[in-house]
Amino acid sequence: MNALGRHILVEFYDCSPELMNDVVHIENSMVAAAETAGATVINSTFHHFSPYGVSGVVVIQESHLAIHTWPEFGYAAVDLFTCGDSVDPWVSYSFLKDAFEAGHGSSMELRRGQLNLLKRTDFNLDALRDVAQRPTDVPGTITRDVWFTERDENIALSLKHTGNQLYKKDSDYQRVEVFETLAYGNMLTLDGMVMCTQKDEYVYHEMITHVPMFSHRKAKRALVIGGGDGGTVRELLRHEQLEEVTLVEIDALVIEACKLHLPETAVAFDNPRLNLLVEDGIKYINECEDGRYDLIIIDSADPVGPGEGLFTAEFYKEVYRCLTPDGVMITQSESPRFNSGVFVEIYDTYKQIFGDNKVHCYLAAIPTYPTGTWSFSYSSKGESNPLVFDKAAAAQFSKAQGLKYYNEDIHVAAFALPNFVKELLSHGSQEVIEQYSAEPTNE
Ligand code: SAM
């Protein structure tokens with residue numbers, strides 16, 4: 001070859017937007033395209049952007065293959081660069097055209113480093129050579145860097161995963177996926193948003209359950225709306241005093257995905273005290289009899305998609321109606337910093353329905369949730385006060401049950417709010433919201 005390398009610039013058109021947004025499929029295809037052409041793959045780094053688009057590179061002994069996709073155009077720009085004669089990049093081209101189901105592709109080959117334009121300078125190779133092979137690398141193994149990213153305008157959370165997609169199905173309501181992350185174990189996402197991970201789910205599930213259960217000791221009947229991962233009912237069913245726990249989850253695929261890939265979270269789905277219903281929680285609460293539940297927990301996702309209706313005054317008024325006179329409503333109430341506008345709005349709504357001094361906010365640190373600080377609301381229909389509880393019983397329970405986050409001290413500490421949260425809750429004007437919100441308030 002009269003050049004150091006061959007560089008094929010490729011345009012793939014009319015590809016399925018689905019595939020152009022599937023980081024796992026694209027990464028696997030790019031690695032396979034290199035190997036099929038006879039290349040030795042060193043490592044791969046791929047990033048899935050939210051809301052869509054993938055970028056990645058496969059480093060090969062013979063140079064690299066790179067890609068960036070625009071799912072919205074069904075388009076991919078691909079670079080196939082190989083040096084030496086042992087690898088035929090056109091083999092990779094045909095492989096990828098099929099793998100991406102491209103309607104058509106156009107390409108241009110450039111010879112890079114034309115030898116007649118290059119002048120070799122003799123130099124001491126040893127002086128240049130650095131330790132190429134990292135001692136940890138086992139020959140023949142590929143280091144794969146495949147990243148899941150949940151991002152908003154100004155904030156992104158990226159988690160490296162193995163590249164093996166454990167679960168991916170579209171229900172009538174949302175895309176249900178499970179990724180095998182390296183830092184947090186298996187992770188459930190809905191429409192690209194992190195719902196829970198094996199390594200930190202206990203924070204959310206222990207705080208959304210044990211705080212109300214220790215400050216509302218007479219509770220016998222509990223209702224959970226949402227919560228299809230199973231973590232909230234797992235924690236509730238630790239409390240023997242509960243005679244009946246009802247879980248109303250709209251999406252059967254969430255339950256299926258968690259039974260398969262987050263078994264510790266889904267462990268209580270066969271508990272005889274559990275009444276598991278797959279239906280819309282809004283319909284269920286509208287048809288529910290007055291005063292049926294001592295505790296109602298709204299374990300919803302964010303106020304988008306099927307969960308939007310779970311953040312309305314109409315819905316909360318129905319919850320209030322279905323509580324016993326001394327009943328308590330607990331909700332996951334978003335992040336005071338990430339979506340300050342929603343945070344202020346829903347607390348105003350709780351106060352209008354339950355009364356100003358009957359609504360309390362508590363916080364917990366959840367690493368894989370936006371900003372890492374998440375909040376829960378505690379609204380009492382009767383006189384139940386979250387800070388009036390049997391500390392010794394809480395301490396004994398936390399120890400006996402081997403809880404990883406909840407104990408009698410964190411129960412109290414969680415209600416000690418930083419000033420900016422107090423300000424958002426006391427007079428959450430647009431000005432205050434803009435002052436503290438990490439995200440543009442679009443107002
Ligand atoms: N901890 C998570 C969070 O804060 O983002 C939420 C966990 S849980 C997985 C949320 C569940 O609410 C999802 O499984 C979703 O399908 C369910 N859900 C959404 N809208 C619903 C509705 N209208 N009725 C019942 N369940 C609903």
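Helices and strands here are DSSP runs, numbered from the N terminus. With that in mind, let's begin the tour. What you have open is a predicted model.

**Stop 1: the whole protein**

Start by showing everything as a cartoon. You should find 15 helices and 18 strands in the protein. Turn the model around: along its principal axes, the C-alpha trace spans about 90 × 50 × 45 Å. If you colour by accessibility, buried residues make up 51% of the 443 residues. Now think about which parts of the chain touch. Among contacts with a separation of 6 or more, 66% are between residues 24 or more positions apart.

**Stop 2: the annotated active-site positions**

Select S63, H68, C83 and D299. The unreviewed UniProt entry places the feature "active site" at these positions. Do they gather at one spot or lie apart? They span 237 residues in sequence and the farthest two C-alpha atoms are 54.7 Å apart, so they do not all gather at one spot.

Zoom in on H68 now. H68 sits in strand β4, which covers residues 63–70. Is H68 buried, partly exposed or exposed? Its relative accessible area is 24%, so H68 is partly exposed. Show the side chains around it: leaving out residues up to four places away in sequence, H68 touches F49, V54, S55, Y75, A76 and A77.

Stay on the strand and select S63, which is also in β4. Look at its backbone. The phi of S63 is near 115°, a positive value in a residue other than glycine. Most residues other than glycine have a negative phi.

**Stop 3: another positive phi**

For a second example, go to D14. Its phi is near 50°, again positive in a residue other than glycine. D14 belongs to the loop between β1 (3–13) and α1 (17–20). Switch on the surface here: D14 has 52% relative accessibility, so it counts as exposed.

**Stop 4: the annotated binding-site positions**

Next, select H205, D229, D299, S300, A301 and D302. The unreviewed UniProt entry gives these the feature "binding site".

Centre the view on D229. You will find D229 in the loop between β12 (221–226) and α7 (231–236). Is D229 buried or exposed? With a relative accessible area of 8%, D229 is buried. Display what surrounds this residue: beyond its neighbours within four places in sequence, D229 is in contact with L188, C196, H205, V254, C258, T265, A266, F269 and D299. Two of those names, H205 and D299, are in the binding-site selection you just made.

**Stop 5: a buried alanine**

Select A394 in helix α12, residues 391–400. A394 has 0% relative accessibility, so it counts as buried. Which residues does A394 touch, apart from those up to four places away in sequence? They are F214, F389, Y406 and E408. Add V211 to your selection and check the C-alpha distance. A394 and V211 are 183 residues apart along the chain, yet their C-alpha atoms are separated by 9.1 Å.

**Stop 6: helices α2 and α3**

Time for some helix packing. Two packed helices are described by the angle between their axes and the distance between the axes. Select α2 (residues 23–36) and α3 (residues 89–99): they pack at an angle of about 150°, with their axes 8 Å apart. Angles over 145 degrees count as roughly antiparallel, so α2 and α3 are roughly antiparallel to each other. Their crossing is right-handed. Show the side chains where they meet: H25, S29, M30, A32, A33, A34 and T36 of α2 face V91, S92, F95, L96 and A99 of α3 in this contact. By class, the contact has eight nonpolar, four polar and no charged residues.

**Stop 7: helices α10 and α11**

Finish with a second pair. Select α10 (residues 313–322) and α11 (residues 340–354), which pack at an angle of about 40° with axes 10 Å apart. What word describes how α10 and α11 lie relative to each other? They are oblique. α10 passes α11 in a right-handed crossing. In the contact, A313, Y316, K317 and Y320 of α10 meet I346, T349, Y350, I353 and F354 of α11. These residues divide into seven nonpolar, one polar and one charged.

Technical notes
Residues are numbered from 1 along each chain as its sequence is written. This is a predicted model: local features need pLDDT of at least 70, side-chain atom pairs count only at pLDDT 80 or more; totals for chains, interfaces and linings use all residues. Side-chain values use heavy atoms; hydrogens and water are left out. Axes are lines fitted to C-alpha atoms, for helices over the stretch in contact, and angles run from 0 to 180 degrees between N-to-C directions. Helices (H or I, at least four residues) and strands (E, at least two) are DSSP runs, numbered from the N terminus. Angles under 35 degrees count as roughly parallel, over 145 as roughly antiparallel, 65 to 115 as roughly perpendicular and the rest as oblique. A crossing is left-handed if the near helix is turned anticlockwise from the far one by less than a right angle, and right-handed if clockwise. Contact means heavy atoms within 4.5 Å. Ala, Val, Leu, Ile, Met, Phe, Trp, Tyr, Cys and Pro count as nonpolar, Asp, Glu, Lys and Arg as charged, and the others, Gly among them, as polar. UniProt positions are given in the numbering used here, feature names are shortened, and annotations may be inferred rather than shown by experiment. Buried means under 20% relative accessible area, exposed over 50%, partly exposed in between (1.4 Å probe, protein chains only).
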